[in-house]
Each structure stands twice: as C-alpha cells, then as structure tokens.
Amino acid sequence: MSSFLRVQSRIGQRTLLLTTAAVPLTGWAVHAVALHKQLAATKRDPLTGLLRRDAYTARARRLLARHGDDTALVLVDADHFKAVNDTMGHPAGDAVLTAFGARLTAWAGPRAAVGRLGGDEFAVVLELPAARLEQRLAQLVRMLHTPVVLDDGRTVDVAASVGAATPAGVGSRDLTALQRAADAALYDGKHSGRATVATAAHVAVPSVNGRRAGRPGTAVWGRAA
C-alpha cells in the first residue's frame, strides 16, 4: 500500500471513530432534553400551567430572600366557583381556572412566583414596592372580575377575593407567616370586590396548619408553604 493510501485509510478510520462516538453522545443529549422537559412538567399544574405547591414555595422563598421588604404575597380565591361547575359544567370551570392562571401570570410578570395551591386557590409572590401596592392590587382585581368567554361563545361572569401581605405589614419575611396573614385578610374582605392588605390584626388571627382557623379544609391543608 502506498503512503498516500495509508494516510487516507487512517483519516477514514478516525472519521469513523469520531462519528461512532458522536452517536451515543447525541442520544444522551436528546435524552437529557427529554428528561429536563419531564422534570419541568412535574413542577407545573397541567391545567393552568402555574407552578405546583413545592415549586412555587421554593421560588417564593428565593424572591423573599433576594428582594426583602420590596415584595408582596398575594392570595386569590375564585368566588362562586362551585356554581360555575354546577350550572355551566366542569369544562367551563376549567376554562375559568385557566383564564385566572393566565391573568395572574400576565399581572405578576415573568420573575414572580405564581402557583396554584389547589382547587380555585392561587398564590403570587413578586417584587412590589409599597408605594405601588394599592394601585397594582386594584389592577389585579379588575382583571379577575373581567368575564371569561368560552370556546362556544358563552360568557361566564367571574369574581375573586384577594388578600395580600407584605414583610413590613406582617413583621416577617417568612413565607408561612405572610401566607397566613394574607389568608386572614382575604377572608376579611371576602366578596367585597376589593383587595385587602393584611395588618397587625390579621397576623393575630388564629390559624390551623397555617390557614385561618375555621376555614374549610384547614384540617387537611398542611403547611401553608
């Protein structure tokens, strides 16, 4: 075999080795992307796309640690949601929950922690200076009271109760303490058509498992965050 042919043979062997080695690497890359998507999916509520409880809790605590007193925690309860399911059907109820999730995400922005805590209950932790709190909460209430139009053209009148808490108002940056105070404020202003911001009085409201005492489901709720 000539020198030229020997060189060409070596080049061909190296090319084959590199190509062969790249195949499993490519396979692992595809697998890693698929695994990442699966892990990301487990952090999201399949209906609304919002964070599940654990993912929301972790993100919310990071935001509180990073931004401190310039944060707010907001709880949202859909009003009369059972009536929507009973009179218009569960697909309509799902559409309302999906709409609420989209509105909360749009209102809070991409850096916020927006989660579905369960059923028709949602929570948001976001960077929000005290000077803008009242204005922004009023904006949220308007968004959540805008009727939802279903795919079949029917319109659902919706409403929500909103409670908020801030580290300055609660005297703590602890997520559980903030959520407990916001929950008490929400039920203090239930069906009022406005957001209620927690005060020292709401901090003192007795709680069970981190939720307002007497609230439906407190016995099985678990920790607030």
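Which helix gives the most to the lining of the largest pocket? Helix α2, residues 53–67, takes that spot with four residues. Before going further, a word on ground rules: this is a predicted model, where local features need a pLDDT of at least 70, side-chain atom pairs count only at pLDDT 80 or more, and totals for chains, interfaces and linings use all residues. Residues are numbered from 1 along each chain as its sequence is written, and side-chain values use heavy atoms, with hydrogens and water left out.

Back to the pocket. The space in the largest pocket comes to about 230 Å³. A pocket here is an open set of points on a 1 Å grid over the protein atoms alone, where a 1.4 Å probe fits and protein lies on both sides within 12 Å along at least five of seven lines; lining residues have an atom within 4 Å of a point. The volume is the space filled by probe spheres set on the points, which are joined across faces, edges and corners. Thirteen residues line the largest pocket, and Arg 44, Leu 51, Arg 59, Ala 112 and Val 114 sit closest to its centre. Sorted by class, the lining has seven nonpolar, three polar and three charged residues (Ala, Val, Leu, Ile, Met, Phe, Trp, Tyr, Cys and Pro are nonpolar; Asp, Glu, Lys and Arg are charged; the others, Gly among them, are polar).

Zooming out, the protein chain carries nine helices and nine strands, taken as DSSP runs numbered from the N terminus (H or I over at least four residues for helices, E over at least two for strands). Of its 225 residues, 40% count as buried, meaning under 20% relative accessible area with a 1.4 Å probe and protein chains only; over 50% is exposed, and in between is partly exposed. Contacts are heavy atoms within 4.5 Å, and among those between residues at least 6 apart in sequence, 65% join residues at least 24 apart.

One aromatic pair turns up: Phe 100 with Phe 122, tilted, at 6.3 Å centre to centre and 55 degrees between the planes. (Rings of Phe, Tyr and Trp, the last by its six-membered ring, pair if their centres lie within 6.5 Å; planes under 30 degrees apart are stacked, over 60 edge-to-face, and the rest tilted.) The pair ties helix α4 (residues 90–108) to strand β3 (residues 121–127), with the partners 22 residues apart. Phe 100 is buried because its relative accessibility is 0%, and Phe 122 is buried at 1%.

Next, try strand β7, home of Thr 196. Thr 196 counts as buried because its relative accessibility is 8%. Beyond four places in sequence, Thr 196 is in contact with Val 162, Gly 163, Ala 164, Ala 185, Gly 189 and His 202. Ala 164 shows up again with Ala 184: their C-alpha atoms are 9.3 Å apart, across 20 residues of chain. Ala 184 lies in helix α7 (residues 175–188) and is buried at 5%.

Two histidines have a positive phi without being glycines: His 80 at about 55 degrees and His 191 at about 65 degrees. His 80 is in the loop between β1 (71–78) and α3 (81–88), and is exposed at 56% relative accessibility. His 191 is in the loop between α7 and β7 (195–197).

Finally, confidence. Mean pLDDT, the predictor's confidence in each residue from 0 to 100, is 83 for the protein chain, and 73% of its residues reach 70 or more. Residues 16–20 fall below 50, with zero contacts beyond near neighbours in sequence. Residues 216–225 also stay under 50, yet the model gives this stretch 25 contacts beyond four places in sequence.
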